[in-house]
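Grab a coffee and work through these exercises with the structure open. Each task is followed by a solution that goes step by step.

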Amino acid sequence: MEYFLQQTINGVTLGAVYALIAIGYTMVYGIIGMINFAHGEIYMIGAFIAVISFSVLGLAGVTWVPLALVIVLIVSMTITGLYGWTVERVAYRPLRGSVRLAPLISAIGMSIFLQNYVQIAQGAKIKPLQPMIRGGVRLMEGEGFSVNVSYLQLIIIAMTIALMAGFTWLIAATSLGRAQRATEQDRVMASLLGVNTDRTISLTFVLGAMLAAVAGVLVTLYYGVVDFYIGFLAGLKAFTAAVLGGIGSLPGAMLGGLLIGLIESYWSAYFSSEYKDVAAFSILVIVLIFRPTGLLGRPEVEKV
Amino acid sequence: MLSLRGIHTYYGAVHALKGVDLEVAEGEIVALIGANGAGKSTLLMTICGNPKPRRGSIELRGQNLIGVPTHNLVRQGLAHAPEGRRIFPRMTVLENLRMGAVASDPAHFDDDLERAFTLFPRLKERRDQRGGTLSGGEQQMLAIARALMSRPRLLLLDEPSLGLAPLVVRQIFEIIKEINQRDGVTVLLVEQNAFHALKLAHRGYVLVNGTITMSGKGADLLNDEQIRAAYLEGGH
Ligand SMILES: Nc1ncnc2c1ncn2[C@@H]1O[C@H](COP(=O)(O)OP(=O)(O)O)[C@@H](O)[C@H]1O
Ligand SMILES: [Mg+2]
């Protein structure tokens with residue numbers, strides 16, 4: 001029981017990170033109907049910027065952790081957001097209105113480009129980061145096993161919940177959110193009413209990239225290492241999460257992320273950590289057989 | 001108010017508008033009638049820059065409209081309730097109306113909403129219902145109400161009567177008249193329902209195959225033999 005609880009805590013932490021990345025996939029899919037395969041790389045760039053800015057802050061003598069964390073978050077979100085904006089501008093906007101396959105190929109090209117770019121700029125070696133947030137809370141003491149939640153896990157979970165609440169509010173109740181939903185439901189009509197749909201699409205990429213940047217910062221703190229290749233697997237899993245939850249659905253991405261995190265955690269705990277990546281994908285296949293639109297996705301026919 | 005000269009519009013190789021001239025004066029209701037596929041919707045969408053005309057000029061109150069991005073037109077006093085209503089299906093009635101006001105001053109949103117609900121009390125009852133779940137008539141009311149939320153000077157209406165029961169059609173035409181007379185909105189009305197449209201309109205144009213073949217006072221067109229034969233008898 002204690003062991004299960006511990007795995008649940010670890011799984012929720014992991015799931016929070018996947019969910020943050022998954023939102024970017026689902027939002028972009030919702031608004032322009034394409035999978036942004038470069039989104040995993042955007043997350044990787046967010047993580048790299050985190051490592052770099054933590055070291056710069058360390059050199060500059062900013063050692064108070066909360067301050068450092070806030071600064072790194074702001075820096076990483078800003079620069080990563082800019083990357084997200086640029087990717088859309090360079091790789092997708094020129095192809096808008098062309099055949100469906102074109103932006104997909106462009107996305108894959110962008111993904112490879114960003115990997116190589118970071119590899120050349122930062123080197124292929126793993127970049128380590130000194131653990132900064134130590135300690136935790138012991139929740140339960142069993143026979144020979146205790147349940148712990150680290151401060152870092154608490155920070156990750158709390159920050160994710162806050163961001164998701166904020167993001168949900170943004171989509172539901174602000175004029176930007178309404179413009180996004182209108183653009184998603186009928187782009188031409190939205191523009192007739194005065195929505196600058198190109199700008200709205202750009203902002204969707206920026207917001208998705210910013211959430212991925214937060215995920216990148218948190219993962220960097222959690223695992224203490226980054227390399228240019230982390231975007232591939234994380235991106236694939238977050239994409240899986242988005243599809244599992246129902247691509248295009250915001251709550252779906254959150255739920256999907258959480259489930260993928262939990263599945264992965266339980267699988268490595270009770271079966272074998274070797275096949276943990278396969279586990280998530282297998283569950284996805286099974287869910288899609290019974291619910292082709294994902295858990296919270298709406299039937300495609302309703303799409304106007 | 002609106003002036004089109006020599007407008008040519010293409011969809012790829014399809015030549016949809018072949019040199020259209022059309023004038024709408026301030027305060028008028030102008031009807032544009034024509035058979036299915038004549039190019040009526042294309043004409044309204046061309047005014048909105050989507051598609052862009054290949055040749056010709058479009059002016060709104062003396063200002064050139066060609067090259068102006070579609071999303072800026074509403075700020076110039078132009079609103080379009082396009083073919084098929086295009087209600088946002090997963091937004092509520094209120095949210096759809098808010099979308100109509102994206103380019104307007106938020107300070108008069110409440111007044112404009114009040115006016116919309118006075119014109120269409122039905123929408124008030126349905127304000128928190130999703131657009132996709134409304135009936136055809138309610139969707140048409142919402143499409144017009146949404147277009148009015150921007151306080152347009154010129155309103156383009158594309159087949160507002162399509163698929164509606166006769167009673168609802170009469171209601172919609174009453175409201176178009178009221179918008180024109182009370183709010184002073186100029187209206188360019190596309191209709192297949194030529195009888196109602198010409199009865200309501202000050203002037204009318206007949207579009208055949210991308211070309212204007214006839215124009216004149218609504219009442220005169222209504223009594224024209226050719227028009228009676230082509231668009232009225234058995235046509236509605
Ligand atoms: N998006 C489009 N792509 C290609 N051809 C189109 C498109 N829309 C309309 N057309 C063609 O342009 C012509 C005029 O269509 P339309 O403006 O919809 O006519 P109307 O509104 O009078 O029924 C028709 O021949 C139609 O097939
Ligand atoms: Mg039409």
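**Exercise 1. Work out the strand order of the open sheet in chain B, and find its edge strands.**

Keep in mind that you're looking at a predicted model. Start by laying out the strands: this open sheet has four of them, in the order S2-S1-S4-S5, with antiparallel pairing. Next, look for strands that pair on one side only: those are S2 (14-24) and S5 (63-64) of chain B, the edge strands. Now zoom in on the S5 end. Strand S4 (residues 55-60) of chain B pairs with S5(B) in the antiparallel sense, over two bridges. For a concrete bridge, pick B:Leu60 and you'll land on B:Gln63 in S5(B) as its partner.

**Exercise 2. Describe the contact between chain B and chain A: how many residues take part, and how much area is buried?**

Count residues to begin with: 21 from chain B are in contact with 21 from chain A. Then take the area: the two chains bury about 2000 Å² between them, and 61% of that is on carbon and sulfur atoms. Who contributes on the chain B side? B:His71, B:Phe88 and B:Arg90 supply 33% of the area that chain B buries against chain A, more than any other three residues.

**Exercise 3. Find the salt bridges and polar contacts between chain B and chain A, then say what the chain B side is made of.**

Salt bridges come first, and the count is two. One of them joins the side chains of A:Asp186 and B:Arg86, at 2.8 Å from N to O. For polar contacts across the interface, the tally is five residue pairs, with both residues at pLDDT 80 or more. Moving on to secondary structure, helix H2 (70-73) and helix H3 (93-100) of chain B each supply at least two residues of the side touching chain A. H3(B) gives the largest share, with four residues. Sorted by class, that side of chain B has ten nonpolar, five polar and six charged residues.

**Exercise 4. Decide whether A:Thr204 is buried or exposed, and list its contacts beyond its sequence neighbours.**

Place the residue before anything else: A:Thr204 lies in helix H8 (residues 197-223) of chain A. Then check its relative accessible area, which is 2%. The cut-off for buried is under 20%, so A:Thr204 counts as buried. Finally, set aside neighbours within four places in sequence; A:Thr204 is then in contact with A:Met27, A:Val28, A:Ile31 and A:Gln180.

Methods. Residues are numbered from 1 along each chain as its sequence is written. Chains are lettered from A and ligands numbered from 1 in the order in which they are written. This is a predicted model: local features need pLDDT of at least 70, side-chain atom pairs count only at pLDDT 80 or more; totals for chains, interfaces and linings use all residues. Side-chain values use heavy atoms; hydrogens and water are left out. Contact means heavy atoms within 4.5 Å. Buried area is the accessible area (1.4 Å probe) that two parts lose on being put together, summed over both. A salt bridge is a side-chain nitrogen of Lys or Arg within 4 Å of a carboxyl oxygen of Asp or Glu. A polar contact is a pair of N or O atoms within 3.5 Å; within protein, one must be able to donate a hydrogen and the other to accept it, and residues adjacent in sequence count only if both atoms are side-chain atoms. Ala, Val, Leu, Ile, Met, Phe, Trp, Tyr, Cys and Pro count as nonpolar, Asp, Glu, Lys and Arg as charged, and the others, Gly among them, as polar. Buried means under 20% relative accessible area, exposed over 50%, partly exposed in between (1.4 Å probe, protein chains only). Two strands pair if DSSP finds at least two bridges between them.
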